[in-house]
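Please examine the sequence and the model displayed below before reading further. The explanation that follows moves from single residues to helices and their packing.

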Amino acid sequence: MLQLLQPGPKLNLGVAVEFAWCLHYIICSQVNNALLITQGALSTLGLLLLDLAGAVQRTEDAGLELLACPVLRCLSNLLTEAAAEAVGGQLQLRDERVVAALFILLQFLLQKQPSLLPEGLWLLNNLTANSPSFCTSLLSLDLIEPLLHLLSVSNVVSVLVLTVLCNVAEKGPAYCQRLWPGPLLSSLLDTLAFSDTEVVGQSLELLQLLFLYQPGAAQAFLQQSGLQALQRHEEVAQLQDRVHALQQTALHG
């Protein structure tokens with residue numbers, strides 16, 4: 001299967017789609033994912049992701065999203081395996097190229113199949129969760145603003161976008177300093193107007209990290225009527241403790 005999924009002129013889209021789904025079901029069955037990883041599954045799928053990103057830039061072929069979905073799922077699931085770290089799985093994925101390719105696919109899916117955006121964002125979450133290098137790639141490629149543009153797509157997409165941003169922020173002051181300029185604060189104030197508790201909760205989490213690591217973030221939040229934005233959530237049972245904690249941090253540090 002891995003051989004048939006190798007990118008190149010002989011790759012048949014229909015065959016690749018079928019075998020990518022087969023691989024996905026095998027991975028989900030947890031039979032022996034460590035073996036798949038040592039056999040080069042991450043490398044093959046990573047190369048296929050790069051190939052897909054190139055293909056969507058060259059053609060309007062509507063069938064490419066059919067392959068993108070299982071490939072994204074396979075990579076996401078394999079990256080959660082302990083064996084992926086043991087064999088340096090993330091390094092096999094060539095940080096910047098994979099992140100750039102993933103964003104090309106996200107833009108493609110936004111136009112062609114927005115319902116598949118969570119698949120790409122879940123992979124981005126798994127890449128950035130424990131990897132400062134993937135977070136650095138996200139920043140150095142100036143991909144924070146394109147990520148913020150996805151906040152308006154749906155609540156599910158918003159939660160995943162905010163989770164990825166939390167992954168970056170929790171890496172510390174140097175990462176928050178690079179996150180901070182631009183539209184981040186205004187975007188977070190917009191998400192605080194959402195009624196979805198998961199979106200708001202993840203926004204609160206990100207703000208706490210920014211207040212912790214970025215000097216001036218709390219003051220800027222106060223100056224842009226942040227406390228008023230928090231007030232609407234003070235009585236929401238799932239949020240009130242976090243809202244109160246953020247208010248205290250903003251006012252007293």
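Which residues does N77 touch, not counting residues up to four places away in sequence? The model in which this question is asked is a predicted one. Within it, N77 touches H24, I27 and C28. N77 itself is found in helix α4, which covers residues 64-79. Its relative accessibility is 25%, so N77 counts as partly exposed. A second asparagine, N130, is 53 residues away from N77 in sequence, and the C-alpha atoms of the two are 15 Å apart in space.

The next element to consider is helix α8, which comprises residues 117-128. At 1.5 Å a residue, its 12 residues should span 16 Å, and the end C-alpha atoms are 17 Å apart, so expectation and model agree. Helix α8 is mostly covered, since 10 of its 12 residues are buried. Among these buried residues are leucines such as L117, L121, L123, L124 and L127, but E119, N125, N126 and T128 are also included. A general property of helices is useful here: an α-helix has 3.6 residues a turn, so residues three or four places apart point the same way.

N125 deserves particular attention. This residue has its place in helix α8, and its relative accessibility is 9%, so it counts as buried. Leaving aside neighbours within four places in sequence, N125 is in contact with T163, V164 and N167. Residues V164 and N167 appear again where helix α11 is met by helix α9.

How are packed helices described? Two packed helices are described by the angle between their axes and the distance between the axes. For helix α9 (residues 132-140) and helix α11 (residues 155-169), the axes come within 9 Å and cross at roughly 110°. That makes α9 roughly perpendicular to α11. The residues that meet are C135, L138 and L139 in α9, and V164, N167 and V168 in α11.

L138 leads from this pair of helices to the nonpolar core. The largest nonpolar core has 91 residues, and those with the most contacts inside it are L138 and L147. Leaving aside its neighbours within four places in sequence, L138 is in contact with V99, F103, L124, T128, L143, I144, L147, V164 and V168. Two of these contacts, L124 and T128, are among the buried residues of α8.

The cysteines may be considered next. How many disulfides does the structure hold? The number is zero. The sulfur of C22 is 9.9 Å from the closest cysteine sulfur, in C74, and this is too far for a bond. C135 is likewise in no disulfide, as the nearest cysteine sulfur, that of C176, is 10 Å away. The surroundings of C22 and C135 may also be stated: C22 is partly exposed, with a relative accessible area of 36%, whereas C135 counts as buried at 0% relative accessibility.

Finally, the backbone may be examined in two loops. D142 has its place in the loop between α9 and α10, and its phi is near 55°, a positive value in a residue other than glycine. D142 is exposed, with a relative accessible area of 62%. S225 lies in the loop between α15 and α16. Its phi is near 60°, a positive value in a residue other than glycine. S225 is partly exposed, with a relative accessible area of 37%.

Conventions: Residues numbered from 1 in each chain as written. Predicted model: local features only at pLDDT ≥ 70, side-chain atom pairs only at ≥ 80, totals over all residues. Heavy atoms only, no water. Helix = DSSP H or I, 4+ residues; strand = E, 2+ residues; numbered from the N terminus. Expected span 1.5 Å × (residues − 1). Buried < 20%, exposed > 50% of the residue type's maximum accessible area, 1.4 Å probe, protein only. Disulfide = S-S within 2.5 Å. Core = buried A, V, L, I, M, F, W, Y, C linked by side-chain atoms within 4.5 Å. Contact = heavy atoms within 4.5 Å. Axes fitted to C-alpha atoms, helices over the stretch in contact; angles between N-to-C directions. Parallel < 35°, antiparallel > 145°, perpendicular 65-115°, else oblique.
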